[in-house]
Amino acid sequence: MRLRIGAALAMAAVLALAGCGGEDSGSQGAGLKVQSAYMPQPVTAAMAAGYLVIENDGDAPDTLRSVTSDIAQDVTIHTTSGQTMESAGSADRAIPAHGRLVLESGGTHLMFEKLKRKPKEGETVSVELHFAKTDPVKVEMPVKSATYQPASTKSSASSSFSSSFSSLSSSAASSSSHH
């Protein structure tokens, strides 16, 4: 009986957070919201990658200009094409009106360079996204296993719910303070 009550309370908490507009990272700026953010646990002590989805519900396009984090000396936006990786151009950083920018493995992604420390699975890394038009957005990026594969960035409704549920313990304090 206790187990069922505990499960019901956990589900109620998830639904309450979802009702408050809390996406998995709890991060948004005027028309922009960030979902599905994660960092695979780095395999080296010097570099790490980061992935996320930025959705633009607004009527005007925006551009991701830069990213900063206290865990790395530099965070760059790269794109992978075949076997080569290069700095992402402005087209690879564009967030169209009523569209999205997907930073994913094998495509455009974040590179954390000159890590100050190597984050471990279960930790959270703070990043700040800087845009051309929108104020900066802070994102808490969970560190997943090095082999983690997200379900899909295409089905954001189900992955957002799953991410919200899995990050409940890390975001409950900040999300509940908005009530």
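Start by selecting Met39, which counts as buried at 0% relative accessibility. This is a predicted model, and the tour moves from this residue outwards. Met39 is in strand 2. Show its surroundings: leaving out residues up to four places away in sequence, Met39 touches Ala48, Ala49, Gly50, Phe112, Pro119, Val125, Met141, Pro142, Val143 and Lys144. Of these contacts, pick Phe112 and draw a distance between the two C-alpha atoms. Met39 and Phe112 are 73 residues apart in sequence, and their C-alpha atoms are 9.7 Å apart in space.

**The whole chain**

Now zoom out and colour by secondary structure. The protein chain has three helices and 11 strands. Followed along the sequence, the order is α-β-β-β-β-β-β-β-β-β-β-β-α-α. The chain has 179 residues, and buried residues make up 39% of them. Turn on the surface: the accessible area is about 9800 Å², with 54% of it belonging to carbon and sulfur atoms. For contacts between residues at least 6 apart in sequence, 70% join residues at least 24 apart.

**Strand 2, continued**

Go back to strand 2, which spans 32-40, and select Ser36, another residue of this strand. Check its backbone: phi of Ser36 is near 55°, a positive value in a residue other than glycine. Is Ser36 buried or exposed? Ser36 is buried, because its relative accessible area of 15% is under the 20% cut-off.

**The loop after strand 2**

Next, select Ala45, in the loop between strand 2 and strand 3. Ala45 is exposed, as its relative accessible area is 55%. With neighbours within four places in sequence left aside, Ala45 is in contact with Leu115 and Lys118. Measure to Glu113 as well: the C-alpha atoms of Ala45 and Glu113 are separated by 9.6 Å, with their positions 68 residues apart along the chain.

**Strand 3 and the core**

Move on to strand 3 and select Val53, which belongs to it. Val53 is buried, with a relative accessible area of 2%. Add Arg100 to the selection; Val53 and Arg100 are 47 residues apart in sequence and 6.9 Å apart in space, C-alpha to C-alpha.

Then select Leu52. Apart from residues up to four places away in sequence, Leu52 touches Val34, Gln35, Ser36, Ala37, Leu101, Val102, Leu103, Leu110, Leu129 and Met141. Ser36, visited above, is among these contacts.

Leu52 leads into the largest nonpolar core, which has 28 residues. Select the members with the most contacts inside this core: Leu52, Ile54, Leu64, Leu110, Phe112 and Leu129. Which elements give two or more residues to this core? They are strand 2, strand 3, strand 4 (62-69), strand 5 (72-81), strand 8 (100-103), strand 9 (108-115), strand 10 (124-131) and strand 11 (137-144). In soluble globular proteins, nonpolar side chains tend to be buried together.

**Strands 4 and 9**

Select Ser69, found in strand 4. Ser69 is buried, with a relative accessible area of 13%. Leaving out residues up to four places away in sequence, it touches Val75, Phe112, Val125, Ser126 and Val127. Phe112 and Val125 are also among the contacts of Met39.

Go next to Lys114, in strand 9. Phi of Lys114 is near 55°, again a positive value in a residue other than glycine. Lys114 is partly exposed, with a relative accessible area of 49%.

**The second largest pocket**

For the last stop, select Pro40, Gln41, Ala49, Tyr51 and Ala146. These residues lie nearest the centre of the second largest pocket, which is lined by 17 residues. Strand 2 (32-40) and strand 3 (47-56) are the elements that give two or more residues to this lining. Which strand gives the most? Strand 3 does, with four residues.

Colour the lining by residue class: 12 residues are nonpolar and five are polar, and there are no charged residues. The volume of this pocket is about 270 Å³. To return to the starting point, look at Ala49, which lies among the residues nearest the pocket centre and is one of the contacts of Met39.

Note on methods: Residues are numbered from 1 along each chain as its sequence is written. This is a predicted model: local features need pLDDT of at least 70, side-chain atom pairs count only at pLDDT 80 or more; totals for chains, interfaces and linings use all residues. Side-chain values use heavy atoms; hydrogens and water are left out. On a 1 Å grid over the protein atoms alone, a cavity is a set of points where a 1.4 Å probe fits but cannot get out, and a pocket is an open set with protein on both sides within 12 Å along at least five of seven lines; lining residues have an atom within 4 Å of a point. Grid points are joined across faces, edges and corners, and a volume is the space filled by probe spheres set on the points. Ala, Val, Leu, Ile, Met, Phe, Trp, Tyr, Cys and Pro count as nonpolar, Asp, Glu, Lys and Arg as charged, and the others, Gly among them, as polar. A nonpolar core is a set of buried Ala, Val, Leu, Ile, Met, Phe, Trp, Tyr and Cys residues joined through side-chain atoms within 4.5 Å. Buried means under 20% relative accessible area, exposed over 50%, partly exposed in between (1.4 Å probe, protein chains only). Contact means heavy atoms within 4.5 Å. Accessible areas come from the Shrake-Rupley method with a 1.4 Å probe; for residues, only the protein chains shown count as cover.
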